[in-house]
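Hi,

Here's the structure I promised to pass on. Have a look at it first, and then read on for what turned up in it.

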Amino acid sequence: MTRTIISTGKAAPESTFDLRTQLGSLELQSPVLTASGCAAAGRELDNYFDITAIGGIVTKSIMLAPRSGRATPRMAETPSGMLNSIGLQGPGVESFLETDLAWLQRRGARTIVSIAGGTADEFGKVAAKLRVAGGFDAIEVNISCPNVEDRGQVFACRADTSAQIIQTVRRNSDNKIPIFAKLSPDVTDIVEIATSVSQAGATGVSVINTLLGMVIDTQTMRPVLAGVTGGLSGPAIRPIAVRCIWQIRSALPNVPIIGMGGVRTGQDALEMVLAGANAISVGTSIFNDPGAPMRIQKELEQELRNRGFESLTQAISFAHREVSEAVIEDETGESKDESEPDWDFISE
Amino acid sequence: MSAGASEGANSGAIQVNGEVLDVQRTGKYFLMSVTAPGITERARPGQFVTVSMGGEESSMVLRRSFAIQGVQARGMYGGTLDFVVSPVGKGSQWLTKLRRHDPVNLVGPLGKPFTLPTKPVTCVLVGGGYGAAPLIMLAQALRERGCRVDTIIGASTEEKLYGGLELKRVSTSLTLATEDGTAGIRGRVTDCLIDTLNSSKVDVVYACGPMPMLASVAEECTMRKIFSQCSVEESMACGIGVCMTCVLPVIGEDGVTRMLRSCVEGPVFRGDRVRWADIGTIPEGTWGGERLRS
């Protein structure tokens, strides 16, 4: 039986806090990433914080050909969230490689490239072009965008289609490149999908994509979005994200998880880490606070220090521990039983 | 600021915590004056700021954008900035209830400004409703360059007119129009614009207001081969170019229509470039549009 030791004593000095995290073969200096579709390709955000100082940039999903996206209105604010129906507007992979990825490389940012496709073949072709170009750290495979023409294209709704896409991307990618499957929470059993993509060659999973939602304007009495339905994001969906991370971590103890869904503060990020996330993507909060990823990174570090953690790694999946195994070590170095009432490792 | 900032799409925009100095009711609208250190010095006519809504624990996750009406770069409060709010939604109503010394979080200045003529030419400014606000700062800049500035503002009714006093002060001439005749000429701003374009030599037309007004202004100008610049109001989520929400179909120099972001590629567009009738659609032939229609 392993014993978890939580020190309530002195934390490591300011400059040396260890935020490093491991996503398969990829080591990042920080677990805080931007969420795909909320940071474009990093360039605009570089105005508001140093994009090389966070874990990395997850770029907006790129497809094989240029794509106009859906008609407007594409957005509706909802309680503690928003619906979007962008429809994967983008310049196509060739332009992305020449312009966006080239800029990220020059800038020295760690880059996770998100890819999308209408068919397994398209996913494979995009991955193949990436392999030739190089210059990125990992691939996130967006098999769960709800804003596609056909719900049948939300591959992440089924274990077999999810696995098929991941196999194709794996076959067309460098063996050393970590591949993350981005999953939809709009499924009966997300663990089944996570297990399936994991067996199909995914290094890990990114959870969660937006949930399919809808808003009707009660003045016009018509759907607000031109696309009728859209993806719900923001703090409103965070408990769902935490639940999905928890379930996957419980079932698959060693699969790297990138957690996302409504992270607004360092405390929110910590919640996902405790549930089992090895990294956290910040999405909709960027729209409210363009400096959010950097702020959240600093806040997360402080939250970890406050709880006596000496590194991020110690906190990953910490909520899964059996409480009876927790032992508190006080400043005198003596071990105290957890039944003692004066424990103080949750300090605000 | 980071090393790559100069390459950023919004270089120059910053996020600051400001403070409310004054909230003043004017007709159906509210004029807000806030401190915005660092933004005021950079702001140019036609640019906008975004403001976060509802405080730290707000359930409103999106910022609202407001055209900059004017700036005072110096003064006892440092830089201050004015913008107008039409309190039609939950966020804007919250904003207008703020009082002196309340904190406001601002990002700006954002967007492409109006381009200004290098020569002292004749300009016509057309504003609809609170769309007149950015024309105040623009008119000042044009007059400083020796331009003639004939301003036309209009609204459905008198209390929806905005900026009449300020615009009268900075314009060479000011014409008012209301659809119900409660102030100025009974009719639309475009009727007044057509009269002006027919009776005098105009070099450039600047416009800000509702989309149908901008569409008419652009059409009248394009027909007469007069250069027009229109500032659009599109619903935005981020205001900084990352969310792809505020797009509209715009014809590029290569003749190809693309869905461009009003926040970074606008909000000021050439009137003859926007496909006004096709806003809200992906028109035939749009770059990358084939697949969505198939």
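Before the details, one term: two strands count as paired if DSSP finds at least two bridges between them. With that in hand, take strand β16 (residues 257-260) of chain A, where G259(A) is the bridge partner of V207(A). V207(A) sits in β11 (residues 204-207) of chain A, and β11(A) and β16(A) pair in the parallel sense over three bridges. Bear in mind throughout that this is a predicted model.

Staying with β11(A)

This strand is a good place to start. Its residues alternate: G204(A) and S206(A) point one way, V205(A) and V207(A) point the other way, and all of them are buried. β11(A) also has strand β10 (residues 179-183) of chain A as a partner, running parallel to it and joined by four bridges. In that pairing, F180(A) stands opposite G204(A). Add helix α4 (residues 190-199) of chain A, and β10(A), α4(A) and β11(A) make a right-handed β-α-β unit.

Chain A as a whole

Which secondary structure elements should you expect in chain A? There are nine helices and 19 strands. Of its 348 residues, 57% count as buried. If you look at contacts in chain A with a separation of 6 or more, 72% of them are between residues 24 or more positions apart.

One piece worth finding is an open sheet of four strands in chain A, in the order β6-β7-β15-β12, with antiparallel pairing. Its edge strands are β6(A) and β12(A) (211-214), each of which pairs on one side only. From one strand to the next, the twist averages 40°. At the β12(A) end, that strand pairs with β15 (residues 229-233) of chain A in the antiparallel sense, over four bridges, and M214(A) stands opposite T229(A).

Then there's helix α6 (residues 266-275) of chain A. Is it enclosed or open? Nine of its ten residues are buried, so α6(A) is largely enclosed by the rest of the structure. Among the buried ones are D268(A) and E271(A), along with L270(A), M272(A) and V273(A). What covers the buried residues of α6(A) includes β4 (32-34), α5 (238-251), β16, β17 (279-282), α8 (292-306) and α9 (312-315), each of chain A. Right after the helix comes G276(A), with a positive phi near 135°.

Where the chains meet

In the contact between the two chains, 42 residues of chain A touch 38 residues of chain B. The elements giving two or more residues to chain A's side are β6 (75-78), β7 (81-84), α1 (93-107) and α7 (285-288) of chain A. So β6(A) and β7(A) turn up twice in this email, as they also belong to the four-stranded sheet. By class, chain A's side has 19 nonpolar, 13 polar and ten charged residues.

The nonpolar core

The largest nonpolar core has 194 residues, and the members touching the most others are V141(A), V205(A), I245(A), I280(A) and V49(B). The largest share, seven residues, comes from helix α2 (residues 133-144) of chain B. You've met V205(A) already, as one of the buried residues of β11(A). As for V141(A), leaving aside neighbours within four places in sequence, its contacts include I115(A), F123(A), I165(A), V169(A) and F180(A).

Chain B

Why is strand β11 (residues 204-208) of chain B described as largely enclosed by the rest of the structure? Five of its five residues are buried, so the description fits. Both faces are covered, with V204(B), Y206(B) and C208(B) on one side and V205(B) and A207(B) on the other. β11(B) runs parallel to β7 (residues 122-128) of chain B, joined by five bridges, and V124(B) has V205(B) as its bridge partner. Five bridges also join β11(B) to β12 (residues 227-231) of chain B, again in parallel; here C208(B) stands opposite S231(B). With helix α5 (residues 211-223) of chain B between them in the list, β11(B), α5(B) and β12(B) make a right-handed β-α-β unit.

Lastly, β6 (residues 103-110) of chain B pairs in the antiparallel sense with β1 (residues 14-26) of chain B, over six bridges, and I14(B) has G108(B) as its bridge partner. β3 (residues 48-51) of chain B pairs with β6(B) as well, antiparallel and over three bridges, with F48(B) opposite L110(B).

Cheers

Conventions. Residues numbered from 1 in each chain as written. Chains lettered and ligands numbered in written order. Predicted model: local features only at pLDDT ≥ 70, side-chain atom pairs only at ≥ 80, totals over all residues. Buried ≥ 20, exposed ≤ 12 C-beta atoms within 10 Å, placed from the backbone. Right-handed = clockwise from strand over helix to strand, strands pointing away. Contact = placed C-beta atoms within 7 Å. Nonpolar A, V, L, I, M, F, W, Y, C, P; charged D, E, K, R; others polar. Core = buried A, V, L, I, M, F, W, Y, C linked by C-beta atoms within 7 Å. Axes fitted to C-alpha atoms, helices over the stretch in contact; angles between N-to-C directions.
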